[in-house]
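Please open the model in your viewer and keep the selection tool at hand. The tour starts with one kind of bond, moves out to the whole chain, and then returns to single residues.

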Amino acid sequence: MGVFTSTSTDWSELGRRFSGWLQMRDPAKPEVSAFRPASDASGYSNETFLATLASPDGERRDVIVRAGPGPDAPGFFPTYDMYQQCAVMRGLSAPADVPVPGCRWFDEDTSLFGTPFFVMDMVDGDIPKDHPLFTTAGFVADASVGQRRAFWESTVAAIAAVGETDWRLAGLDFLDWKDNGQSRLASLIDYWDGYYNWSIGDGSRPDDDADVATMSRWLRKHAPVDEPVGLVWGDSRFGNIIYRDFRPVALLDWEMATINNPLMDLTYFLFHEQLNVAGMSNEAEARPRLAGFPSHAETIAHYERLTGRQASEARYYWVMNGYKLRVMAERAFRLFESTGKLSAEQVVHHRHNYPVMGWTQMAMESTAFPVQPCV
């Protein structure tokens with residue numbers, strides 16, 4: 001992922017400094033032979049670097065360095081906890097059903113990157129890209145129908161495994177909401193309400209502000225009770241997974257992990273996949289779904305078989321994720337405008353053509369689910 005940084009980077013100098021830091025911690029005393037951005041993947045929450053290490057015995061290996069938004073970057077979240085991501089990966093490193101990279105070191109010292117950072121193992125494999133979209137080019141687009149089905153169903157199995165994790169045994173209690181006399185769902189809605197207001201700041205409110213508020217009220221009014229409680233990944237989409245032979249070998253990006261109903265991850269996955277089909281907010285980028293991808297109804301049934309639980313509140317969590325995606329989009333729109341990536345007129349266009357609002361409204365008004373506008 002990348003954030004909106006405004007300074008140029010001296011990669012050789014940064015690699016030299018990281019090498020000195022690493023030799024104080026790694027008994028193998030490796031030298032950093034290369035240090036560079038890890039990829040051109042999308043995302044705005046942190047910086048991701050790839051470091052190639054060369055040990056005195058000639059062994060070479062790669063590690064990934066992740067640093068939060070620096071002092072010159074506006075940031076995508078009101079607060080950003082780099083340690084949380086490392087701690088979640090460490091907690092999940094034992095269960096074989098949830099593949100994550102090993103998090104080797106965390107350092108809260110800001111002298112190296114200007115922000116806390118952690119170092120994790122490099123996992124070889126393929127990551128579905130956003131640019132160009134993986135359904136138009138790359139290993140998924142080139143796959144057979146059977147391989148695509150395995151790709152889809154194994155991803156759903158990985159999402160289900162996250163929710164089946166014994167999060168207390170894994171030491172992930174810190175992800176749970178504070179006991180403030182209200183439900184976990186109410187706390188989650190409070191968070192996204194606050195995020196939305198933070199993203200607007202002192203600026204003008206968007207034209208669809210009343211519709212955003214309606215979604216929040218609907219979520220509070222229709223919140224289910226006595227929900228299953230488990231680990232929620234929070235960012236369960238294809239672009240955050242490393243694959244090998246069309247099956248997940250590492251789940252990435254745990255900054256939005258929390259404790260709630262794990263069904264939230266499945267509906268986020270479906271919502272995001274639907275955005276890929278619809279072309280986000282650009283109709284010219286709309287495309288048919290690839291052969292081999294099961295329908296949303298089939299996917300929900302598969303998830304129910306895997307977990308042994310009925311996904312009876314899938315509609316509610318579809319709306320929840322629609323709200324979440326809309327409020328995050330507001331932050332992205334304003335960052336794009338403030339950094340000159342989009343004009344004010346382009347931001348208005350994207351807001352008006354962002355399909356999340358229509359899909360969410362459709363689900364709020366319907367008793368049927370799944371709502372799959374594009375097939």
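A disulfide is taken here as a pair of cysteine sulfur atoms within 2.5 Å. By that criterion this structure, which is a predicted model, holds one disulfide.

**First stop: the disulfide.** Select Cys86 and Cys103 and show their side chains; the two are joined by the disulfide, with a distance of 2.1 Å from S to S. If you look along the S-S bond, the angle about it is -110°, which makes the link of Cys86 and Cys103 left-handed. Colouring by secondary structure places Cys86 in helix 2 (residues 82-91) and Cys103 in strand 4 (residues 103-107), so the pair ties together parts that are 17 residues apart in sequence. If you now switch on a surface, bear in mind that both Cys86 and Cys103 are buried.

**Second stop: the whole chain.** Zoom out and display the chain as a cartoon, in which 10 helices and nine strands make up the secondary structure. Along its principal axes the C-alpha trace spans about 65 × 50 × 45 Å. How does the radius of gyration of the chain compare with that of a compact globule? For 375 residues such a globule would have a value near 21 Å, and the chain, at 21 Å, agrees with it.

Colouring by accessibility is a useful next view, since buried residues make up 53% of the 375 residues. The accessible surface comes to about 16,700 Å², and 50% of this area belongs to carbon and sulfur atoms. Of the contacts between residues at least 6 apart in sequence, 71% join residues that are at least 24 apart. Selecting the charged side chains brings up 34 positive and 50 negative charges, whose mean positions are 1 Å apart.

**Third stop: Asp26.** Select Asp26, which you will find in the loop between helix 1 (11-23) and strand 1 (31-37). Is this loop residue, Asp26, buried or exposed? Its relative accessibility is 7%, and because buried means under 20%, Asp26 counts as buried. Leaving aside residues up to four places away in sequence, Asp26 touches Arg61 and Trp105, and these two can be added to the selection.

**Last stop: Ala278.** Move on to helix 6 (residues 263-278), where Ala278 has its place. Ala278 is buried as well, with a relative accessible area of 14%. To finish, draw a C-alpha to C-alpha distance from Ala278 to Asp202: the two residues are 76 apart in sequence and 32 Å apart in space.

Definitions and conventions
Residues numbered from 1 in each chain as written. Predicted model: local features only at pLDDT ≥ 70, side-chain atom pairs only at ≥ 80, totals over all residues. Heavy atoms only, no water. Helix = DSSP H or I, 4+ residues; strand = E, 2+ residues; numbered from the N terminus. Rg over C-alpha atoms; globule rule 2.2 N^0.38 Å. Buried < 20%, exposed > 50% of the residue type's maximum accessible area, 1.4 Å probe, protein only. Contact = heavy atoms within 4.5 Å. Areas by Shrake-Rupley, 256 points an atom, 1.4 Å probe, with all protein chains shown as cover. Lys, Arg positive; Asp, Glu negative; His and termini not counted. Charge placed at Lys NZ, Arg CZ, Asp CG, Glu CD.
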